[in-house]
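Visitor: Hello! I am new to this structure and would love a close look at how its charged side chains pair up. Could you walk me through it?

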Amino acid sequence: MIVESLNAEVLGKEVNGLRIAPTLDSLASLPGTVTFDNVICQIDKSGSSDGHLLLLTGLMPPEQVSYCFKFGSTNRFHSLQDAFPRHTKKTMLATTGTFWNEAKVLANFGTGPVSTIKDLDGDVEEIGRDGVLIQNAIEEMRNLPRPFFLTLMTISMHIPFEEEAWPLLPQLAESDSLNRFERNYYNVTHYFDRYLKQLVDNLPPNTVLFIASDHSQDISRGTDESTRPAVFMAAGCGRSGRISRPVGQVNLYPATLELLGASFDGYGGVAMSALNPAVRGTLDTKGARRGFMTEAEIDTLKEAKRISDLIIRSNYFKDEQY
């Protein structure tokens, strides 16, 4: 599940007695869950789609070009889903699939048939877009042939953080310490978390649930994604712990492969796994150093970005069959 703008600050957050994300808090405390609460955003011109690229293909977004429009409709990408050729693939979006060219890009990621909000049953005005997404996902899980790889992408926590079906909760409305963005953001996050509990309660046995943020969001101004850390969580993966050292989004793809015991011959992303203790920092969206990095490590990450750019522009994986 790739969650729109999931800031790490919601973990353990409480306002006027209201826990903002009790389901996420509960998942993070369970044995068998590993949680990264200091994920540094590394998106570029393609916004949320860059987050999908980082998480699902392990590539870094190119500079000065929106890859999802220029290359996303035609290029083939080596993806996380390709590591599981026996699994039934399905992708479900809480959007129409046109924003950032999502539906076409994800099809070229190998994520299987893509259903958009227009294909899903439910009343958006009654339960919100993410509510419709999750209720349909629960039904889909009952019918998908096993084993399956289901990819879900939410939208309700997108700026300006307003979902018509989710009225502002009184605990947030009564808080004088929050600005409008913060009230709205915590509100939609809390409602999303309620539906997340429904999903968790209906997961089939032996399921690993990954929850990742496409990027973080500065809710104090509502503009800059680079200043606040995001969340990455793997529940039911067999490893436990809370990891707070800074890691980049680019380090999450190899970490996911590692947690699932999967690998590719010759490709496992362009950076080290976030599980490697040697990863103690990265470069953020603006190229600023976050955490601890030696000059050699900075040069290596810059080279990874250059190689990613070449892979994307050359359609390097076009002839690969999975």
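Visitor: Which kind of contact do the side chains of Asp 37 and Arg 242 meet in?

Guide: Welcome! Please keep in mind that this is a predicted model. The contact you ask about is a salt bridge: the side chains of Asp 37 and Arg 242 meet with N and O 2.8 Å apart. Asp 37 belongs to strand 4 (residues 33–40) and Arg 242 to strand 10 (residues 241–243), so this pair ties together parts that lie 205 residues apart in sequence. The two partners also sit in unlike surroundings. Asp 37 has a relative accessibility of 15% and counts as buried, because buried means under 20%. Arg 242, with a relative accessible area of 48%, is partly exposed.

Why might such partners meet at all? Side chains of opposite charge can pair when their charged atoms come close.

Your pair has company, since a search of the whole structure finds 13 salt bridges. One of them links Asp 284 to Arg 290, where the closest N and O atoms are 3.4 Å apart. Asp 284 counts as buried, at 9% relative accessibility.

Another salt bridge joins Arg 306 and Glu 303, and here the closest N and O atoms are 2.7 Å apart. Both residues lie in helix 9 (residues 295–314), and because they are three residues apart there, about one helical turn separates them. Arg 306 is partly exposed, with a relative accessible area of 44%, and Glu 303 is partly exposed too, at 35%. Elsewhere, Glu 9, Asp 218 and Arg 228 are joined into one network by salt bridges that share partners.

Now for charges that gather in another way. Asp 123, Glu 125, Glu 126 and Glu 164 form a patch of negative charge on the surface. Among them, Glu 126 is found in helix 5 (residues 124–143), and at 57% relative accessibility it counts as exposed.

For contrast, let us finish with a strand that is largely enclosed. Six of the six residues of strand 7 (residues 148–153) are buried, so the rest of the structure largely encloses this strand. In a regular strand the side chains alternate between the two faces of the sheet. Both faces of strand 7 are covered: Phe 148, Leu 150 and Leu 152 are buried on one side, and Phe 149, Thr 151 and Met 153 on the other. Strand 7 pairs with strand 5 (residues 88–93) in the parallel sense, over six bridges. If you look for Leu 152 in strand 7, you will find Met 92 standing opposite.

How values were computed:
Residues numbered from 1 in each chain as written. Predicted model: local features only at pLDDT ≥ 70, side-chain atom pairs only at ≥ 80, totals over all residues. Heavy atoms only, no water. Salt bridge = Lys/Arg side-chain N within 4 Å of Asp/Glu carboxyl O. Helix = DSSP H or I, 4+ residues; strand = E, 2+ residues; numbered from the N terminus. Buried < 20%, exposed > 50% of the residue type's maximum accessible area, 1.4 Å probe, protein only. Patch = residues over 30% accessible without salt bridge, like charges linked within 9 Å, V, L, I, M, F, W, Y side chains within 5 Å. Areas by Shrake-Rupley, 256 points an atom, 1.4 Å probe, with all protein chains shown as cover. Lys, Arg positive; Asp, Glu negative; His and termini not counted. Charge placed at Lys NZ, Arg CZ, Asp CG, Glu CD. Pairing = 2+ DSSP bridges.
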